[in-house]
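User: Hey, can you walk me through this one? I'm new to reading structures.

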Amino acid sequence: MANPLRGEVVTLYKNLLFLGREYPKGEVFFKERLKKAFMKNKDVSDPEKIRELISRGEFVIKELEALYFLRKYRAMKQRYYEDGPGS
Amino acid sequence: MALRALVGVKRVIDYAVKVRVKPDKTGVVTDGVKHSMNPFCEIAVEEAVRLKEKKIVGEIIAVSCGPQQCQETIRTALAMGVDRGIHVDLSAKDAETLGPFQVSKILAAVAKKENVNLVLLGKQAIDDDCNQTGQMTAALLDWPQATFASEVKVEGEKLTVVREVDGGLETISMKLPAVVTADLRLNEPRYATLPNIMKAKKKKIETVKPSDLGVDTTSRVHILSVEDPPQRQAGVKVETTEDLVSKLKESGRICFCSVMALALEKNRNTRLQFRAPTGPPSILTIPAIAATCAADVRGAGPVTFRLYRPHHPSLPCRTTAGHRSRL
């Protein structure tokens, strides 16, 4: 039970939850999927495998940040610049 | 010498929220609506943080004017890497009437008090779209300004800024201290992550009153009414080309010429003798006429065109009865 990586997993989950608050399809949508993804791997006990999964979660964080940035950038560009989307 | 930078951050209604006008037309609904930092202020904060990472800037101070909730916005700036915050506390009622002039007076007072050399602001806020605060701050401080910056370089006491101007870029050089306002392409702001927000809670936010800064925040602008932009009309579905043509004619969206072009669409190679208000007649295919009509003769006067029969090359351009149409 007392897995040394537990803390890391919990932090990852918290960080993802925080990011999910801004998800375009809504927080509820994101939360459901997030929980499902974590529950799917709840029986994994191999530390190597857990580390791998954590790094995947961190990759998702990076992707989400990029998604939010692009979304905002495009919205601004559309509203304030005449040349339309894309650069 | 490390510089001291001041960044202005504004708390605005989140860009993704659909803004609603209050029924009494005095403003927009702000209660229970998600707020966040103005995207252009984020860019200004990011630029200050990047300059700090390059060791050009020593300390960054974020200022926000408004009600208590503005501290959240300052907190976001702190999470992005700002060192400390100053919250200029105003009651919700005062904050509503706060305009660019009052804010620039506050910013100028803070800049003097904190002895900064660089003021970084967003070019405009997405709620009032004033685009005045940076310019007025520079005027009040009597400092040089670089607005719409898309690149900022500091070399000793000099600042080189690339500005986005109409149809191109302008590079200007100025002495510090200066005011810079950020345009969209200056940088890509980082995301304020949860751990960073937690760490930012240890950073200090000082609360001051405008009166402590010797600034009078009474507004000289009176808002008469705030209204929604005109609603877009619903579209209609049409079954046939004829329907479409008649509908378009009804609404006056297209000229006779394009109607004819549409009607003859089945035979795109039919050619017409086309005479624009100016210039000699020319023989064109229908799509070409449609393009010409759209392009340059609209509103210039009557146009005539006749059906051109190419089957009798010996005859000098036999035509049907001419149609006149005003574009």
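Analyst: Sure, one term to start: contact means heavy atoms within 4.5 Å. This is a predicted model, where local features need pLDDT of at least 70, side-chain atom pairs count only at pLDDT 80 or more, and totals for chains, interfaces and linings use all residues. Residues are numbered from 1 along each chain as its sequence is written, chains are lettered from A and ligands numbered from 1 in the order written, and side-chain values use heavy atoms, without hydrogens and water.

User: What covers the buried residues of α1(A)?

Analyst: The cover includes α2 (27-40) and α3 (47-80) of chain A, together with α6 (194-200) of chain B. Helices here are DSSP runs of H or I, at least four residues, and strands are E runs of at least two, numbered from the N terminus. Buried means under 20% relative accessible area, exposed over 50%, partly exposed in between, using a 1.4 Å probe and protein chains only. Among the buried residues of α1(A) are A:Leu12 and A:Phe18.

User: Switching to chain B, why is α4(B) called largely enclosed?

Analyst: Because eleven of its 15 residues are buried. They include B:Val103, B:Ile106 and B:Leu107.

User: And what comes after α4(B)?

Analyst: B:Asn115, with a positive phi, near 60°.

User: Where does B:Thr181 sit?

Analyst: In strand β10 (residues 178-182) of chain B. B:Thr181 counts as buried because its relative accessibility is 1%. Leaving out residues up to four places away in sequence, B:Thr181 touches several others, including B:Leu121, B:Thr147 and B:Phe148.
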